[in-house]
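This report walks through one protein model, moving from a sheet and its helices to the whole chain and then to pairs of charged side chains. Please keep the structure in view while reading.

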Amino acid sequence: MDLENHRHYVGFENHEILMGYTKRTGGRSNYPADSFNMALYIGDDDSNVHAHQDTLGREIGFLPENWVLPIQKHGRNIREVEKRCAGMNVRRLTGDLHDVDGIYTYDSGLLLTMNYADCIPVYMWSRKNSFTALAHAGWRGTSHNITGRMAESYDGDPADLEVVIGVGINGHCYTVGGAVINALEAAGLPKEAVESHQDGFDLDLKAVNRHQAIMAGVGADSVHVTEIGTEDTERFFSYRLESGVTGRALAFIGRK
């Protein structure tokens with residue numbers, strides 16, 4: 001599945017599903033200058049984030065009052081959200097949906113969103129009903145099998161699902177230590193996802209999450225992996241490569 005380039009995001013849209021991942025350029029934040037930061041929690045002026053939300057909303061035809069945004073903590077928690085959650089944590093952060101790294105819904109007209117800057121966005125939807133989902137899969141969430149568990153949250157046959165492993169840091173730019181590898185092994189770590197060398201292990205989180213989806217029953221031909229990576233710092237934010245001094249992207253998926 002090819003992702004198309006738009007002004008402020010890369011994404012895919014058909015007659016029903018809209019999904020994407022925002023780029024760093026063309027904004028008004030100082031993370032660095034003129035960046036399109038989408039996170040309220042990193043010290044940016046809220047008005048900058050709100051302006052970017054409005055710009056993106058107009059561009060995708062899905063206004064911010066119809067978005068829902070959990071506060072992810074690199075954990076294992078998955079929650080169902082409904083139309084009544086629309087607007088949650090979008091204009092201001094609240095006490096709702098804290099420590100949640102996966103959300104799903106059966107309601108159309110609701111845009112599922114989360115912030116990213118290297119971790120892997122996993123998009124999921126059913127071909128048979130209105131199930132739509134989004135996961136935030138860093139190595140910790142991946143160690144909790146968040147993609148597999150999200151597929152298992154579906155009320156039908158996982159073979160009905162389509163999964164996209166989205167824009168995130170690619171393995172050749174993601175070197176980790178043995179403790180991370182050990183944590184992932186319990187969740188299923190395919191050999192092709194790890195390359196060892198004298199400095200540690202290059203970890204392909206995209207391959208691990210693809211493996212988790214397939215192990216949960218999603219057809220291999222229905223799991224699509226983008227080669228686009230956040231190591232392309234001309235287009236995307238990378239927490240790792242920019243030593244934490246950077247903005248955050250927004251991944252999103254919804255049914256119009």
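In this predicted model, helix α5, made of residues 205-215, lies across the strands β10, β11, β12 and β16, and its direction runs at about 175° to that of β16.

## The sheet and its helices

These strands belong to an open sheet of 6 strands, which are arranged in the order β7-β8-β11-β10-β12-β16 and show mixed pairing. At the edges stand β7, residues 78-80, and β16, residues 223-225, each of which pairs on one side only. From one strand to the next, the twist averages 15°. A second helix, α3 (residues 146-153), also packs on the sheet, where it touches β7, β8, β10, β11 and β12, and the direction of α3 makes about 165° with that of β11.

As general background, the strands of a sheet pair through backbone hydrogen bonds, in either a parallel or an antiparallel sense. In this model, strand β12, which covers residues 161-165, pairs with β16 in the parallel sense over 3 bridges, and Val163 stands opposite Val223 in β16.

## The protein as a whole

Taken over its full length, the protein has 5 helices and 17 strands. Its radius of gyration is 17 Å, close to the 18 Å that the globule rule gives for 256 residues, so the protein is as compact as a globular protein of that length. Along the principal axes, the C-alpha atoms fill a box of roughly 45 × 40 × 35 Å.

How much of the protein is made up of buried residues? Buried residues account for 57% of the 256 residues. The protein exposes about 10600 Å² of surface, and carbon and sulfur atoms supply 44% of that area. Among the contacts with a separation of 6 or more, 65% are between residues that lie 24 or more positions apart.

## Salt bridges

The structure holds 8 salt bridges, including the three in the table.

| Basic residue | Acidic residue | N to O distance |
|---|---|---|
| Arg255 | Glu16 | 2.6 Å |
| Arg91 | Asp54 | 2.6 Å |
| Lys128 | Asp160 | 3.6 Å |

The side chains of Arg255 and Glu16 meet in a salt bridge, and this pair links distant parts of the chain, since Arg255 belongs to strand β17 (residues 249-255) whereas Glu16 sits in the loop between β2 and β3, 239 residues apart. Arg255 is buried, with a relative accessible area of 3%, while Glu16, at 31%, is partly exposed.

Where do the two partners Arg91 and Asp54 lie? Arg91 lies in the loop between β7 and β8 and Asp54 in helix α1 (residues 46-60), so their salt bridge ties together parts that are 37 residues apart in sequence. Both count as partly exposed, because residues between the limits of 20% and 50% fall into that class: Arg91 has a relative accessibility of 34%, and Asp54 has a relative accessible area of 26%.

The salt bridge between Lys128 and Asp160 again links distant parts of the chain, with Lys128 in the loop between β10 and β11 and Asp160 in the loop between α3 and β12, 32 residues apart. Is Lys128 buried or exposed? Lys128 is exposed, with a relative accessible area of 61%, whereas Asp160 is buried, with a relative accessible area of 13%.

Technical notes: Residues are numbered from 1 along each chain as its sequence is written. This is a predicted model: local features need pLDDT of at least 70, side-chain atom pairs count only at pLDDT 80 or more; totals for chains, interfaces and linings use all residues. Side-chain values use heavy atoms; hydrogens and water are left out. Two strands pair if DSSP finds at least two bridges between them. Helices (H or I, at least four residues) and strands (E, at least two) are DSSP runs, numbered from the N terminus. Axes are lines fitted to C-alpha atoms, for helices over the stretch in contact, and angles run from 0 to 180 degrees between N-to-C directions. Contact means heavy atoms within 4.5 Å. The radius of gyration is taken over C-alpha atoms; the globule rule is 2.2 Å times the number of residues to the power 0.38. Buried means under 20% relative accessible area, exposed over 50%, partly exposed in between (1.4 Å probe, protein chains only). Accessible areas come from the Shrake-Rupley method with a 1.4 Å probe; for residues, only the protein chains shown count as cover. A salt bridge is a side-chain nitrogen of Lys or Arg within 4 Å of a carboxyl oxygen of Asp or Glu.
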